[in-house]
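This briefing introduces the fold of one protein chain to a reader who is new to structural description. Please keep the sequence and the structure in view while reading.

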Amino acid sequence: MNLIQELRWRGMLHDFMPGTEEQLAAGMTSGYIGFDPTAKSLHIGNLATIMLLVHLQRAGHKPFALVGGATGMIGDPSGKSAERNLLDEETLRANQEGIKAQLEKFLDFNCGANSAEIVNNYDWFKEFSFLGFLREVGKHLTVNYMMAKDSVKKRISADEEGDRAEGLSFTEFSYQLIQGYDFYHLYKNKNVRLQMGASDQWGNITTGTELIRRIDGGKAFALVGKLVTKADGTKFGKSEGGNVWLDPNLTSPYKFYQFWLNLSDEETEKLIKVYTLLGQEEIEQLIAEHKQAPHLRVLQKALAKDVTIRVHSEEDYFAAVEASEILFGKGDLETLKGLKEDILLSVFEGVPQIAVSAADYRQTATVSDLLSEVTGSQIFESKGEAKRMIKNGGVSINRQKVQSTEEAVTQELLHQKYLVVQKGKKNYYLITVN
């Protein structure tokens with residue numbers, strides 16, 4: 001199966017220029033995708049695009065990942081309704097390093113002729129003067145050609161209709177010309193013949209192929225993947241709390257795992273083809289198995305496992321699974337003690353969190369006192385109510401059932417400051433002792 005066929009059955013292929021398939025069949029082809037360092041981490045929307053490079057390399061071709069140190073200073077208008085804030089050079093540089101480290105998890109940089117490479121367009125733009133760029137590049141494309149791009153037309157027509165006050169700045173308007181030059185530079189210096197990206201990048205990518213034709217009389221190609229969207233048609237990659245990042249400091253492995261686990265059946269059936277490297281036969285088997293018992297969420301678990309391990313690690317995956325099971329009544333004290341603090345806090349992020357001073361905690365005589373008066377009646381409104389539920393066996397602290405209404409407060413604090421209280425089957429509380 002060649003690259004085009006692979007992307008097509010996975011539902012990842014949107015469009016490609018005539019001659020692209022023949023170019024890929026003729027031998028190893030170098031192709032690239034650009035990533036703007038507008039944040040210190042990529043998110044799962046970007047990961048769908050990274051997978052295009054992964055499949056390019058697996059098909060025997062050479063992938064280039066371009067980190068846009070120069071274009072990141074400007075901002076791409078594609079798919080945007082307003083001009084984004086421009087970042088300073090120091091922030092951009094830090095973001096570039098974070099993105100490079102993430103790309104290295106997915107691409108093989110040491111496999112011979114088709115080893116992946118990372119390039120930064122700041123390296124060839126930093127010495128380019130404004131006048132020099134106009135003379136050497138700008139003269140080759142007409143304003144008419146640039147205005148015909150959808151990303152430009154949408155912003156201008158919206159401004160004319162009064163839907164947005166921002167319009168399109170010259171800075172953003174020039175973006176396609178600068179991205180086009182990236183393609184030309186890589187074509188001349190790295191023998192790159194193909195640029196890929198999401199479907200909203202088609203206009204910018206074809207600007208590059210046109211620039212190569214006009215400046216050099218050369219032939220280059222474009223291939224774009226489908227924009228990954230949610231069931232409601234909106235852009236994929238965000239949870240209720242914002243972007244789902246690849247950086248564990250921005251989205252914990254537990255939250256990352258939970259995001260995939262909670263996808264709908266319809267979304268999972270589509271996304272397991274995009275985000276994993278599982279083969280067609282194996283995916284079809286998983287889909288069939290899932291349809292026989294949807295409540296077991298076989299498909300979601302397979303997707304969540306595969307992506308969590310590749311983005312984070314196998315250790316993080318198993319920790320996320322253990323953490324997930326805690327909320328379903330599984331696990332014991334040792335399970336809780338084994339959770340890293342950030343994962344513990346992620347698990348109980350949505351439950352009531354109650355702060356108790358260390359002095360008050362030390363002076364508390366019984367668990368009944370702790371769960372009522374000392375915690376400000378946030379768990380039990382009265383000591384009597386706490387005692388009744390303890391007698392009925394409905395209260396646990398750190399997964400250990402409270403045996404007596406007069407039981408002393410001797411439970412081990414998790415990470416020297418937390419207690420997990422369970423009231424009944426589904427009510428959790430996190431006590432923090434400061």
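The points below describe a sheet, the helices that lie on it, one residue, and two helix pairs. The model is predicted. Six strands form an open sheet of mixed pairing, and two helix contacts share helix 15 as a partner.

**The sheet**

- The strands of the open sheet follow the order 1-6-5-2-3-4.
- Strand 1 (13–16) and strand 4 (117–120) are the edge strands; each has a single partner strand, so one side of each lacks a neighbour in the sheet.
- From one strand to the next, the twist averages 25°.
- Strand 3 (residues 62–67) pairs with strand 4 in the parallel sense, over four bridges.
- Opposite Ala65 stands Ile118 of strand 4.

**Helices on the sheet**

- Helix 3 (residues 44–58) lies across strand 2 (30–35), strand 3, strand 5 (192–198) and strand 6 (221–225). The helix runs at about 165° to strand 2.
- Helix 11 (residues 202–216) also packs on the sheet, where it touches strand 1, strand 5 and strand 6. The direction of helix 11 makes about 170° with that of strand 6.

**Thr20**

- Thr20 belongs to helix 2 (residues 20–25).
- Is Thr20 buried or exposed? Its relative accessibility is 1%, so Thr20 counts as buried, the cut-off for this class being under 20%.
- Leaving aside residues up to four places away in sequence, Thr20 touches Leu194, Phe221, Ala222 and Leu223.

**Helix 14 with helix 15**

- Two packed helices are described by the angle between their axes and the distance between the axes.
- Helix 14 (residues 280–292) packs against helix 15 (residues 298–311) at an angle of about 140°, and their axes are 8 Å apart. Helix 14 is therefore oblique to helix 15.
- Helix 14 contributes Leu286, Ile287, Glu289 and His290 to the contact, while helix 15 contributes Val298, Leu299, Gln300 and Ala302.
- Five of these contact residues are nonpolar, two are polar and one is charged.

**Helix 12 with helix 15**

- The axes of helix 12 (residues 253–261) and helix 15 cross at roughly 150° and come within 8 Å. Helix 12 is therefore roughly antiparallel to helix 15, since angles over 145 degrees fall in that class.
- The crossing of helix 12 with helix 15 is right-handed.
- On helix 12, the residues in contact are Pro253, Phe256, Tyr257, Trp260 and Leu261. Their partners on helix 15 include Gln300, Leu303, Ala304 and Val307.
- The contact of helix 12 with helix 15 has nine nonpolar, two polar and two charged residues.

Definitions and conventions:
Residues numbered from 1 in each chain as written. Predicted model: local features only at pLDDT ≥ 70, side-chain atom pairs only at ≥ 80, totals over all residues. Heavy atoms only, no water. Pairing = 2+ DSSP bridges. Axes fitted to C-alpha atoms, helices over the stretch in contact; angles between N-to-C directions. Contact = heavy atoms within 4.5 Å. Buried < 20%, exposed > 50% of the residue type's maximum accessible area, 1.4 Å probe, protein only. Parallel < 35°, antiparallel > 145°, perpendicular 65-115°, else oblique. Nonpolar A, V, L, I, M, F, W, Y, C, P; charged D, E, K, R; others polar. Left-handed = near helix turned anticlockwise from the far one by under 90°.
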